[in-house]
Amino acid sequence: MKTIVLFTSNTGFTKQYANWLANDLSCPWIDLSKTKWVDLDEYDMIAFGSWLMAGKIKKGKQLKSLLKQYQEKNWIVFCVGRTPLDQIDFKSLIHQNFEEDLPSSVSFFYLPGGFDIDRQPAFYKWLLTRFKKMLSKKENKTKEELQIEEMLSCSIDLSDPKYLSPILMQIKEEILPVKF
């Protein structure tokens, strides 16, 4: 099965997973900004990796467009975020990002990534730093605000190639798709 890995990354965690996946599959991996020069018709399977911000898939509109355009392909969609794997609600995540159920050709995965304010692009770094400062001054914080403040206070890297095992097993055994 001829496979390609497409990805978009903000701070490098999704790019790292795309690299690991492409190396394991011996296939090309391409940044989404360069897909104009790639003929996706020649691939049987397309893996799409993106990062999450507030539970939303970045480049989600582009993903939906590609899914519609190449609906006959087998798809692996993986999202990378700071939340540990055991704390993810897959159904809510899918519902928040797709108006209806996932197309039957799509298998969806979540991979724990990380957070590092220093790896953020300048605008996000500025925005997050201001938000962190504002939260630190607030009294009577809610549980959610305390969690956000804690998250912003330290870097964390949960990424590990072991999290690709279910994806690799599914691709290599050609068992598609996985539904939740």
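This report describes two helix packings and two pockets in a predicted model.

**Helix packing**

Two packed helices are described by the angle between their axes and the distance between the axes. In this model, helix H4, which spans residues 122–137, and helix H5, which spans residues 143–153, have axes that come within 10 Å and cross at roughly 130°, and the two helices are therefore oblique to each other. The crossing in which H4 passes H5 is left-handed. On the H4 side the contact is made by Leu128, Phe131, Lys132, Leu135 and Ser136, which meet Glu145, Ile148, Glu149, Leu152 and Ser153 of H5. Sorted by class, the residues of this contact comprise five nonpolar, two polar and three charged.

The other packing involves H1 and helix H6, the latter covering residues 165–173, whose axes lie 11 Å apart at an angle of about 35°. Here the crossing is right-handed. From H1, the residues Leu21, Asp24 and Leu25 meet Ile167, Leu168, Ile171 and Lys172 of H6, and this contact of H1 with H6 holds five nonpolar and two charged residues, with no polar residue.

**Pockets**

Rolling a probe the size of a water molecule over the atoms shows where empty space is left. The two pockets described here are set out by volume and by the classes of their lining residues.

| Pocket | Volume | Nonpolar | Polar | Charged |
|---|---|---|---|---|
| Largest pocket | about 1200 Å³ | 18 residues | 15 residues | four residues |
| Second largest pocket | about 230 Å³ | three residues | three residues | five residues |

The largest pocket is lined by 37 residues, and those nearest its centre are Leu52, Ala54, Arg82, Thr83 and Met151. Among the elements that give two or more residues to this lining are helix H1 (13–25), helix H3 (90–97), H4 and H5, together with strand E3 (45–53), strand E5 (74–81) and strand E7 (114–115). Which of these elements gives the largest share of the lining of the largest pocket? That share, six residues, comes from H5, the helix that also packs against H4 with axes within 10 Å.

The second largest pocket, with a volume of about 230 Å³, is lined by eleven residues, of which Lys64, Leu67, Lys68, Glu100 and Pro103 are the closest to its centre.

Conventions. Residues numbered from 1 in each chain as written. Predicted model: local features only at pLDDT ≥ 70, side-chain atom pairs only at ≥ 80, totals over all residues. Heavy atoms only, no water. Axes fitted to C-alpha atoms, helices over the stretch in contact; angles between N-to-C directions. Helix = DSSP H or I, 4+ residues; strand = E, 2+ residues; numbered from the N terminus. Parallel < 35°, antiparallel > 145°, perpendicular 65-115°, else oblique. Left-handed = near helix turned anticlockwise from the far one by under 90°. Contact = heavy atoms within 4.5 Å. Nonpolar A, V, L, I, M, F, W, Y, C, P; charged D, E, K, R; others polar. 1 Å grid on protein atoms, 1.4 Å probe; cavity = no way out; pocket = protein on both sides within 12 Å on 5 of 7 lines; lining within 4 Å. Points joined across faces, edges and corners; volume = space filled by probe spheres on them.
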